[in-house]
Amino acid sequence: MQNRIERLRKKMKECGLDCALVTGLANIRYLSGFTSCDATVLVTDKSCCLFTDFRYTIQAAEQTKGYEIIEPQAGKLTESIKEIMERDGCGRCAFEENLLTVGLYERMRALPVTFVPWGDALSALRMLKTPAEIESLQRAQTLADRSFSELLGRMHPGMTEREVVAELNYIGARLGSEGASFDPIVGSGPNGAMCHAVPSDRRLRDGDLVVLDFGCIVDGYHSDMTRTVAVGSVSDECRRIYDIVLEAHERALRALTPGITGKELDAVARDYIAEQGYGACFGHSLGHGFGLEIHEQPTASVRSETVFEPGMTITIEPGIYVEGLCGVRIEDCCVVTETGYRDFVSSAKELLVIS
Ligand code: ZN
Ligand code: ZN
């Protein structure tokens with residue numbers, strides 16, 4: 001944790017900032033170890049303070065090291081932060097412009113500092129994962145792989161999409177996941193064409209492709225995988241689409257090495273899908289980083305200039321979505337290594353058939 005604070009302070013200094021007001025829960029957890037949902041952190045060049053209320057002060061003292069735990073009087077958070085800023089002589093303060101509510105910002109404007117939007121820089125601190133973080137991610141994905149394999153034994157035609165979600169959540173929790181990385185996506189038949197389908201009462205039936213996108217959490221770290229399975233026998237077109245997505249996925253994995261940029265990686269899968277005639281049916285990015293949040297920096301997208309380095313996480317998730325017919329997505333979550341990548345996912349990728 002101390003090392004993280006040092007990196008933050010170094011970056012603050014480079015940018016002429018003398019404090020950072022942190023309100024995003026993932027950044028708070030990363031910088032302090034505190035896991036609760038009610039906290040504000042102020043890191044100055046002299047001190048680290050965590051403001052929380054009576055419900056969490058014991059937990060905060062147990063989970064953090066080197067932090068002053070401050071319990072402001074009800075409604076007096078701004079005053080409390082102001083005291084510390086004055087004590088530590090703060091003038092320019094970083095804040096997370098994408099995470100601060102307008103209401104809180106209005107109150108914070110009374111503080112005696114100049115605010116500098118710095119959200120991306122704060123989140124970028126989390127981009128390179130340590131061996132311990134990588135271990136937690138692997139454990140999270142191992143739970144997801146085990147959940148998937150158990151789910152396959154329980155899925156059957158006639159089951160609704162919502163029942164599949166309930167099974168996934170139950171199996172994951174029973175195996176030890178701290179929760180679902182996000183509400184699982186289960187899209188069967190034509191529903192699969194909605195990349196982020198909301199599970200419905202539609203029943204799985206012969207001829208469906210079913211998109212299953214889900215993840216588990218260990219130590220706060222999120223995994224993310226997608227598999228598409230067949231119910232009974234699927235049409236030739238569905239089968240062809242599956243094979244194209246699989247090939248695009250494997251080509252992108254082979255290209256994943258340090259030095260490649262996000263947009264070069266994205267193009268490997270996108271160009272292949274376009275060559276096969278489905279360019280218009282792949283409307284989202286190839287992948288995203290993951291860690292304490294399910295979506296983190298970097299991204300692999302048409303606009304991403306990020307140069308991949310060892311320690312960065314990225315999902316490889318090409319898809320083809322054909323309205324009225326089906327969706328196919330195959331997703332692995334990986335970390336870049338010195339020589340290429342480590343794939344956290346071990347589940348098979350050949351088209352699995354449920355009957
Ligand atoms: Zn996913
Ligand atoms: Zn994903």
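**Exercise 1.** Is Q297 buried, partly exposed or exposed, and what is its relative accessibility?

*Solution.* The model examined here is a predicted one, and the first step is to locate the residue: Q297 belongs to strand β13. The second step is to take its relative accessibility, which is 30%. Since buried means under 20% and exposed means over 50%, with partly exposed in between, Q297 counts as partly exposed. The third step is to look at its surroundings: apart from neighbours within four places in sequence, Q297 is in contact with D120, S123, A124, M127 and G289. Measured against I314, which is 17 residues away in sequence, the C-alpha to C-alpha distance from Q297 is 8.5 Å.

**Exercise 2.** Describe the peptide bond that follows Q297, and then the backbone of D219.

*Solution.* Most residues other than glycine have a negative phi, and most peptide bonds are trans. With that background, the bond from Q297 to P298 is cis, its omega being near 0°, and P298 is found in strand β13. Turning to D219, the residue is not a glycine and yet has a positive phi of about 55°. D219 sits in the loop between β9 (217-218) and β10 (221-222), and because its relative accessibility is 34%, D219 counts as partly exposed.

**Exercise 3.** Work out how the rings of F34 and Y56 are arranged, and which parts of the chain they bring together.

*Solution.* A pair of aromatic rings is described by the distance of the centres and the angle of the planes. The structure holds six aromatic pairs. For F34 and Y56, the centres are 6.4 Å apart and the planes stand at 80°, so the pair is edge-to-face. As for position, F34 is in the loop between α2 (25-32) and β2 (40-44), while Y56 is in the loop between β3 (48-51) and α3 (57-63), so that the pair links distant parts of the chain, 22 residues apart. Finally, both F34 and Y56 are buried.

**Exercise 4.** Carry out the corresponding analysis for F290 and F344, then find the ring cluster and the charges that lie over rings.

*Solution.* F290 and F344 form an edge-to-face pair, with 6.2 Å from centre to centre and 80° between the planes. F290 lies in the loop between β12 (287-289) and β13 (296-300) and F344 in the loop between β18 (341-343) and β19 (353-354), so parts that are 54 residues apart in sequence are tied together by this pair. Both F290 and F344 are buried. The cluster consists of F95, Y105 and F115, which ring pairs link to one another. Over the face of Y30 lies R4, at 4.0 Å from the ring centre, and the charged end of R270 sits over the ring of F282, 4.1 Å from its centre.

**Exercise 5.** Determine how α9 and α10 pack, and then how α7 and α8 do.

*Solution.* Two packed helices are described by the angle between their axes and the distance between the axes. The axes of α9 (residues 236-255) and α10 (residues 262-275) cross at roughly 155° and come within 8 Å. Angles over 145 degrees count as roughly antiparallel, and α9 and α10 are therefore roughly antiparallel to each other. The crossing in which α9 passes α10 is right-handed. On the α9 side the contact is made by I244, E247, A248, R251, A252 and A255, and on the α10 side by L265, V268, A269, Y272 and I273.

For α7 (residues 131-154) and α8 (residues 161-175), the angle is about 135° and the axes are 9 Å apart, which makes α7 oblique to α8. The crossing of α7 and α8 is right-handed. Residues of α7 that meet α8 include L143, R146 and S147, and among their partners in α8 are V164, E167 and L168.

**Exercise 6.** Contrast the settings of A74 and L292, and list what surrounds L292.

*Solution.* A74 is placed in the loop between β4 (68-70) and α4 (77-87), and at 79% relative accessibility A74 counts as exposed. L292 lies in the loop between β12 and β13, and at 10% relative accessibility L292 counts as buried. The C-alpha atoms of A74 and L292 are separated by 30 Å, the two residues being 218 residues apart along the chain. L292 and L25 are 267 residues apart along the chain, and their C-alpha atoms are separated by 9.3 Å. Leaving aside neighbours within four places in sequence, the contacts of L292 are A26, R29, Y30, R126, D219, G220, Y221 and H222.

Key
Residues numbered from 1 in each chain as written. Chains lettered and ligands numbered in written order. Predicted model: local features only at pLDDT ≥ 70, side-chain atom pairs only at ≥ 80, totals over all residues. Heavy atoms only, no water. Phe/Tyr/Trp six-rings, centres within 6.5 Å; stacked < 30°, edge-to-face > 60°. Helix = DSSP H or I, 4+ residues; strand = E, 2+ residues; numbered from the N terminus. Buried < 20%, exposed > 50% of the residue type's maximum accessible area, 1.4 Å probe, protein only. Lys NZ or Arg CZ within 6 Å of the ring centre and 35° of its normal. Axes fitted to C-alpha atoms, helices over the stretch in contact; angles between N-to-C directions. Parallel < 35°, antiparallel > 145°, perpendicular 65-115°, else oblique. Left-handed = near helix turned anticlockwise from the far one by under 90°. Contact = heavy atoms within 4.5 Å.
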